[in-house]
Amino acid sequence: MTGRYYEEFEVGETIEHERRRTITESDNQRFCDMTMNQQPLHLDADFAAETDFGERLVNGLYTMSLAVGITIPETTDGTIVANLSYDNVEHPEPVFHGDTIRVQSTVTDKRETSDGERGIVTMRVEVFRVNDGPASEASGTSSDESDGDDEPLVCEFDRTVLSLKRDRVAE
């Protein structure tokens, strides 16, 4: 599937990404190893057990990177020139091993480049923890017991991309 060209993005539209991912201990361990992040909160069960979280957290940068990857097929697959920025990153809730996430992107801005050859698109990417996964079962949380937020927001950020224009591809 091809992503969207600049002209196909509409400010205000929300794209619900179908693909979901359950994050494993192995995913988190590999990401920390590849990025040389040895934070014990992500890797050391004994250390993490003594924190307010009570268990290891998934590396927030992994959650963010995974979210970007999930968005690619419906946004920029084959239609991007470059990612320009990631801004206003927040992690309001933790992600644990066994949590499943889903992602949605809302187009917040778009404009042509000064030469009119390409377009710049900004999307607000929101990542939600799906509460019917193994981690919520282990913690005893169910949708019946939640505070009304069945899918808590675990990460959000603005992603700005330089996008191809459809009419320029044919030339």
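## Salt-bridge exercises

Arg166 is partly exposed, its relative accessible area being 46%. The model behind these exercises is predicted.

**Exercise 1.** Place Arg166 in the fold and list its contacts beyond the nearby sequence.

*Solution.*
Step 1. Arg166 belongs to helix H6, residues 166-169.
Step 2. Set aside neighbours within four places in sequence; Arg166 then contacts Tyr5, Glu7 and Glu8.
Step 3. Check a C-alpha distance as well. Arg166 and Thr79 are 87 residues apart along the chain, yet their C-alpha atoms are separated by 8.7 Å.

**Exercise 2.** Decide whether Glu8 and Arg166 form a salt bridge, and say which parts of the chain the pair links.

*Solution.*
Step 1. Find the distance: the closest N and O atoms of Glu8 and Arg166 are 2.7 Å apart.
Step 2. Apply the cut-off. A salt bridge needs a side-chain nitrogen of Lys or Arg within 4 Å of a carboxyl oxygen of Asp or Glu. Glu8 and Arg166 do form a salt bridge.
Step 3. Locate the partners. Glu8 sits in the segment before strand E1 (14-16) and Arg166 in helix H6, 158 residues apart. The pair links distant parts of the chain.
Step 4. Add exposure. Glu8 is partly exposed at 33% relative accessible area.

**Exercise 3.** Contrast the settings of the Arg30–Asp27 and Glu112–Lys165 salt bridges.

*Solution.*
Step 1. Arg30 pairs with Asp27, with the closest N and O atoms 3.4 Å apart. Both residues lie in helix H1 (residues 25-34), 3 residues apart, about one turn of the helix.
Step 2. Glu112 pairs with Lys165, with the closest N and O atoms 2.6 Å apart. This pair links distant parts of the chain: Glu112 in strand E4, Lys165 in the loop between strand E6 (153-164) and H6, 53 residues apart.
Step 3. Sort by exposure. Asp27 counts as buried because its relative accessibility is 7%, under the 20% cut-off. Lys165 is buried, also with 7%. Arg30 is partly exposed at 48%. Glu112 is partly exposed at 41%.

**Exercise 4.** Describe the surroundings of Arg102 and identify its salt-bridge network.

*Solution.*
Step 1. Arg102 lies in strand E4, residues 100-112. Arg102 is buried, with a relative accessible area of 13%.
Step 2. Not counting residues up to four places away in sequence, Arg102 touches several residues, among them Glu16, Glu126 and Glu151.
Step 3. Salt bridges that share partners join Glu16, Arg102 and Glu151 into one network.
Step 4. Note a further link: a polar contact of 3.5 Å joins the side chains of Arg102 and Gln104.

Note on methods: Residues are numbered from 1 along each chain as its sequence is written. This is a predicted model: local features need pLDDT of at least 70, side-chain atom pairs count only at pLDDT 80 or more; totals for chains, interfaces and linings use all residues. Side-chain values use heavy atoms; hydrogens and water are left out. Helices (H or I, at least four residues) and strands (E, at least two) are DSSP runs, numbered from the N terminus. Buried means under 20% relative accessible area, exposed over 50%, partly exposed in between (1.4 Å probe, protein chains only). Contact means heavy atoms within 4.5 Å. A polar contact is a pair of N or O atoms within 3.5 Å; within protein, one must be able to donate a hydrogen and the other to accept it, and residues adjacent in sequence count only if both atoms are side-chain atoms.
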